[in-house]
Amino acid sequence: MCKIITITGQKGGSGKSTVAVNLSACLALFEKKTLLIDCDPQASSTSWSGIKDSASKYSLPDVLAAKCSIEQAVQPTQLNYLEVIPSEFSLMIWAAKLSAMPENQKILKLLLDEIREAYEFIIIDSPSSYHFLSLAALTASQSLIITLSPDAEPEKEFSLMARAMKYIRNNHQIKLTIARIIGNRFDSRDHMINAWESDFSYRLKDLSFKLTIPDDRTIDQARKNGMPVVLHDFKSPSARAYLSVARELTAL
Ligand SMILES: Nc1ncnc2c1ncn2[C@@H]1O[C@H](COP(=O)(O)OP(=O)(O)O)[C@@H](O)[C@H]1O
Ligand SMILES: [Mg+2]
C-alpha cells in the first residue's frame, strides 16, 4: 500500500526540500518505488533532483491547468525507482486561482488517487506557510514528516500544525498523523532536544528519527550538482544519516 507523506515545517530554509529530495532518493536506493512531488513554486526539489531531459516536459501547474494528465507530468530521474512531478513558478498562479474555493484543497488528493497504486511512497515537498498549496499537500497525505532546524520554535510549530490538522479533519474528513520529526543540522537527537531545553522538546524525542541530519557542506555541493547527496558522495555524513532515516521510515 502506498504511503503518502508531506515534508512540512513552518520555517523557510528549515530543509524541507532538502529532506524531500534526499529521503526520496534513499527510499529509491532501497528499491522502494517512490514519487517525489514538488508542490512549491520555488521548485527547489525540482532543480536539484537531477531530472533527465525527456520528451514530455509537463509539470504540476500543467496538471492543475488540465493541460495534461498527472501521469504525463511524471518525469524519470537518475534513479530507477525514483520519479518526480516537477514544479515551476506558474504553480503560484494556479494556486491563487484554485484557492477561491476551499473544496479545491482536495485537488491533489483526487489526482493522486489516479496513480498512487503504482508507488510504495509518494513524498510531497510543500511550501512553508499554511496557504492553499500546503493545505492541498496536507489534504493529499496520510502522514507528515516535520523538519526542525536549530532556529525552529517547536512549541509554536506544533500548535499551528495541530490547528491545520484539525482544519483538514473537519473540512475534508481526512485524519492526518505525524510520522516522524526530522532534526536537520543537528549532530544527534540529544543535541536537538537539548538545543531547546524545554519540557515540550523532551516529548519530541519519541517522535524523532533515531538519527538527525548533521550540518554538512556536502549538501550544498550536491544541490549545485543537481543530484541527491547519496549520489554525490555516499560516504558523506549527511548521506549516511539520510540512508539511516530512510531505512527507519521503511520499517514504520
Ligand atoms: N543539513 C544541512 N547541512 C547544510 N546545508 C543544508 C542542510 N539542510 C539544508 N541545507 C541548505 O539549506 C538551504 C535551505 O534548505 P531548503 O531545503 O531549500 O529549505 P526549505 O525547503 O525548508 O525552504 C539550502 O541551501 C540547503 O542546501
Ligand atoms: Mg523548499
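Here a student and a tutor discuss a predicted model of a protein and its ligand 1.

Student: What makes the protein as compact as a globular protein of its length?

Tutor: Its radius of gyration is 17 Å. The globule rule gives 18 Å for 252 residues. The two values are close, so the protein counts as compact for that length. The C-alpha trace spans about 50 × 40 × 30 Å along its principal axes. The protein has 12 helices and 7 strands.

Student: Why is H1 called roughly perpendicular to H12?

Tutor: The axes of H1 and H12 (residues 237-250) cross at roughly 65 degrees. Angles of 65 to 115 degrees count as roughly perpendicular. H1 is therefore roughly perpendicular to H12. Their axes come within 9 Å, and the crossing is right-handed.

Student: Which residues make that contact?

Tutor: H1 brings Asn22, Leu23, Cys26 and Leu27. H12 brings Tyr242, Leu243, Val245, Ala246 and Thr250.

Student: How do you know what kind of contact it is, nonpolar or charged?

Tutor: Count by class. The contact of H1 with H12 has 7 nonpolar residues, 2 polar and no charged. Leu counts as nonpolar, and so do Cys and Tyr.

Student: What surrounds ligand 1?

Tutor: A shell of 18 residues. The closest are Gly15, Lys16, Ser17, Thr18 and Ile219. Helix H1 (16-29) and helix H10 (217-224) each supply at least two residues of the shell.

Student: How do the residues of that shell divide?

Tutor: Into 2 nonpolar, 10 polar and 6 charged. Gly counts as polar here, and Lys as charged.

Terms used:
Residues are numbered from 1 along each chain as its sequence is written. Chains are lettered from A and ligands numbered from 1 in the order in which they are written. This is a predicted model: local features need pLDDT of at least 70, side-chain atom pairs count only at pLDDT 80 or more; totals for chains, interfaces and linings use all residues. A residue is near a molecule or strand if its C-beta atom, placed from the backbone, lies within 6 Å of it. Helices (H or I, at least four residues) and strands (E, at least two) are DSSP runs, numbered from the N terminus. Axes are lines fitted to C-alpha atoms, for helices over the stretch in contact, and angles run from 0 to 180 degrees between N-to-C directions. Angles under 35 degrees count as roughly parallel, over 145 as roughly antiparallel, 65 to 115 as roughly perpendicular and the rest as oblique. A crossing is left-handed if the near helix is turned anticlockwise from the far one by less than a right angle, and right-handed if clockwise. Two residues are in contact if their C-beta atoms, placed from the backbone, lie within 7 Å. The radius of gyration is taken over C-alpha atoms; the globule rule is 2.2 Å times the number of residues to the power 0.38.
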